Amino acid sequence: MLASNYDPHAIEKKWQAEWHSARLYSVTEDASKPKKYVLEMFPYPSGDIHMGHVRHYSIGDVVARYFTMRGMSVLHPIGWDAFGLPAENAAIKSNSHPAAWTHANIEKQAASFRRMGFSYDWDRSLRTCDPEYYRWGQWSFLKFWERGLVERKNSPVNWCPGCKTVLANEQVLSDGTCWRCKSVVEKRELEQWFLKITDYAQELLDDLDELSGWPERVKAMQANWIGRSEGAEVDFTLCDIAGEPTETTITVFTTRPDTLFGCSFFLLAPEHPLVKEFVAGTEYEAAVMNVVRAAEKESAIDRSSAEEEKRGAFTGRYVMNPVNGEKVPVWVSDYVLMEYGTGAVMAVPSGDQRDFDFARKYDLPIPPVVVAEDDAILGELSGVRERVLADVPWEVAYAGPGVMVQSGEFTGMRGGKASEGMKAVTGWLAERGQGRFSINFRLRDWLISRQRYWGNPIPAIHCPVCGLVPVPEEQLPVLLPMDVDVTKGETLADHPDFYETTCPKCGGPARRETDTMDTFTCSSWYYLRYCDARNDVAIFDPEKTGYWMPVDQYIGGIEHAILHLLYSRFFTKVYRDMGLVDFAEPFTNLLTQGMVKLDGATMSKSRGNVVAPEEIIAKYGADTLRAYILFMAPPDKDLEWSNEGLDGMWRFLGRAWRHITEVAEETAAGARGAAAVDPAGAALRRERHRVVGKVADDIERFGFNTALSAMMELLNAASDYRRTIPAAERDAALEREVAETLTLLLAPYVPHMTEELWREALGHETSVHTEAWPTWDPAAAASDAVEYAVQVNGKVRARLTVPADASEDLVRDAALALDKVAEQIAGKTVRTVLVVPGKLVSIVIA
RNA sequence: GCCCGGGUGGCGGAACAGGCAGACGCGUCGGUCUCAAAAACCGAUGAUGGAAACAUCGUGCGGGUUCGAUUCCCGCCCCGGGCACCA
């Protein structure tokens, strides 16, 4: 017996259990149907479900359910990004094991997700901390290694003192702090494992153009991060202490080879290996080492601040400029970065503000070489090949386009970015083997080793005889041992049982690698694994990924604009080169959902500004919460949480419930009457068609809020009809059709309520969630009468209702004949009368 | 500094293709029901003037194009985000 009032608590758990036991949302490949892969970025199992989760997964759920109703075969999986530091930290705090903490959280969070009624195929669920999963991460690592994409190298790396491990560049925020714990990151020189993502820099950049389904800003951020610069490498000949040329050259990268004649000094980064060699035992040593030591001490933040005063010292050495044989002094300065380019820079102070500032500070010459068309000094320098002016009268450097002066045979050419002069100088250098066209990327290789326990062990062995040796594939997985006690600060490096091993090559004693992999490696391929989650002989069956991939709709937070999304694109391209997949991009369409805030700030426990979804569910049920959070704002915008409007959604669902149950009681299932001929019934029928079409359109463009508005309008129309037309005159069949339509339209948003209505009130045998989307006909939504707005000189003065098929002439005449219009045009000349079909009439008078 | 977003009633937000600004909801006010309250339902609700019909103004600011601009163009202001000593 159906309750007369909407009571979500009685029905939600009932249907959750029913769907679960019926495995309603399990899918397999079905070649007879078009497929859709709808994916929300999988969660880190923090245990609590917060409003951000509710929003994120509600969006995905509506999209998945909608596509299912539209006849697609829909893959909508869920899993757990289960390795990571929070588990270790929590284990230390609660004196337990990261595995126990993680597994308990997954249970808890999975229960919350079920309580929300999300339509996941739980049969495909995965946890990245399971050996059945992470072994394929290790396998991928070995395949990358075979392809030359794994490198262990010594370099300055980011060390997070809070996390006690190194971080990839992408994981350091622009203010120099750790993305996870906000500690200030330090630079350390360490030997670490890298994945050579830079091999794919160009393709990662180029393919952004193909991602028409991605937000522009995400693509802009990635392009920015990859940071491609075109220019040239230039070889400068090093001079010995006596100032005589040697056989050695030092190469620099420049984006402005056209300014080479303006190079008046040369710079090395403080970390550059040649620095110490140059100054050891010389009179310059003390001053130079001061700069080097100061740079070492400086934090990454200060070092990267443009505000910082540039420090430098002369090394006593000179290099020779290849274009003019000029000897220029070599300085050390902290504004030169070892990580970018070659760690050496040719300084052209007239064309670069940083070099300009440095030259002024240390009293170095600033010879002009590219001069703006309207600059006064062009008069005396125009066409002058030799250097006659060694210093500019400028206050700032000039980096724009202009005419080349004092530049030998290139004098008179156009200089600037992508200029004739740039090409000419580069060509000249290339002919002589002293330079070449070059492209530089800001993107660095991905540092993936982590000095932490709760992660995927790197499958490598250090052999004193053979060097670095990969773990043979048949020995995978390298199991993460469970007897590591993180509460005592232990890592794998404290466990001889783990690291003592034999070399697979020579059989001698060897040491297993004790670093684990960045958790971002685990999340770089999970979307592929969902396609074939239980495969125990391969990472996945290419037939299955061939059916499901690429992901048609990916949904996630903007915080992964670079991190996860860039890494996943990289992994996909490598798998493609391995022949495992035949596409280059994993995510066709991307929706970045906005944050849920309270009092203008992200909800967080530490800040104490949280609204717990459980509390809302306890009061209103999951359906109201789902619908409300989608109604509050468009999904890509930040949302300020407020309890105020919840009652509005509750009222709407309650009204829908009462309306549908009342109509259902009065009309037998499947009853169909004659088509309504009365105007009110016809209007309601038109409204039904309009709304069905609008809701479909809106969902496809993520207008979940406007889709709900349209459903509210349909309910308003249906209940107005019911209230204003006497029972005897109402079209019962139409009413039932509208009630069923409303139930179907609401189903993706409020799956429990609609299931109860569909089966118990409307009397259907099968689930509403296996029903097809209601049919609609745009023509049937069109009214046979249209209202025109009549404008006189741009102002609406009257309204006019005419038959929909009225001709333009008829509309024009009718408009001019209106009293209001006659009033306006009396005594004036009508200049133009413009009819916009179906919309308005615009009358222009003099 | 560069690159993306955004600025509309008291509030969240609509207006997808240059065509009636403010859909839908919240809130507020008035009403019905009730002994009363809650819930529910009905109605009003951009501002100003007016008893009303209605008029004028109104989408961050200033210009422009157009019969007509929240929408397109030019110049600004403010807010949010990303990048930034990258040679």
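Which helix gives the largest share of the surface near RNA strand B? Keep that in mind while you select; note that this is a predicted model.

**Stop 1: the helix.** Select residues 704–724. This is helix α23, and the largest share of the surface near RNA strand B, seven residues, comes from it.

**Stop 2: the whole surround.** Now show everything around RNA strand B. You should have 54 residues. Lys 310, Tyr 340, Arg 354, Glu 713 and Arg 799 are the closest. Colour the surface by class: 21 residues are charged, 18 nonpolar and 15 polar. Turn to the RNA side. Of the strand B atoms within 4 Å of the protein, 65% are sugar or phosphate, and the rest belong to bases.

**Stop 3: polar contacts.** Start with Arg 651. An N or O atom of the Arg 651 side chain is 2.7 Å from a phosphate oxygen of RNA strand B. Go on to Asn 705. There, a side-chain N or O atom lies 3.2 Å from a phosphate oxygen of the strand. Finish at Met 632. This contact uses the backbone: an N or O atom of Met 632 sits 2.5 Å from a sugar or linking oxygen of RNA strand B.

**Stop 4: cysteines.** Leave the RNA and select the cysteine sulfurs. How many disulfides are there? The count is zero. Centre on Cys 263. Its nearest cysteine sulfur, in Cys 239, is 12 Å away. Cys 263 has 0% relative accessibility, so it counts as buried. Then pick Cys 466. The closest cysteine sulfur, in Cys 506, is 3.7 Å from that of Cys 466, too far for a bond, because a disulfide needs the sulfurs within 2.5 Å. Cys 466 counts as partly exposed, at 26% relative accessibility.

Methods
Residues numbered from 1 in each chain as written. Chains lettered and ligands numbered in written order. Predicted model: local features only at pLDDT ≥ 70, side-chain atom pairs only at ≥ 80, totals over all residues. Heavy atoms only, no water. Near = heavy atom within 4 Å. Polar contact = N/O pair within 3.5 Å; in protein donor to acceptor, adjacent residues only side chain to side chain. Helix = DSSP H or I, 4+ residues; strand = E, 2+ residues; numbered from the N terminus. Nonpolar A, V, L, I, M, F, W, Y, C, P; charged D, E, K, R; others polar. Buried < 20%, exposed > 50% of the residue type's maximum accessible area, 1.4 Å probe, protein only.
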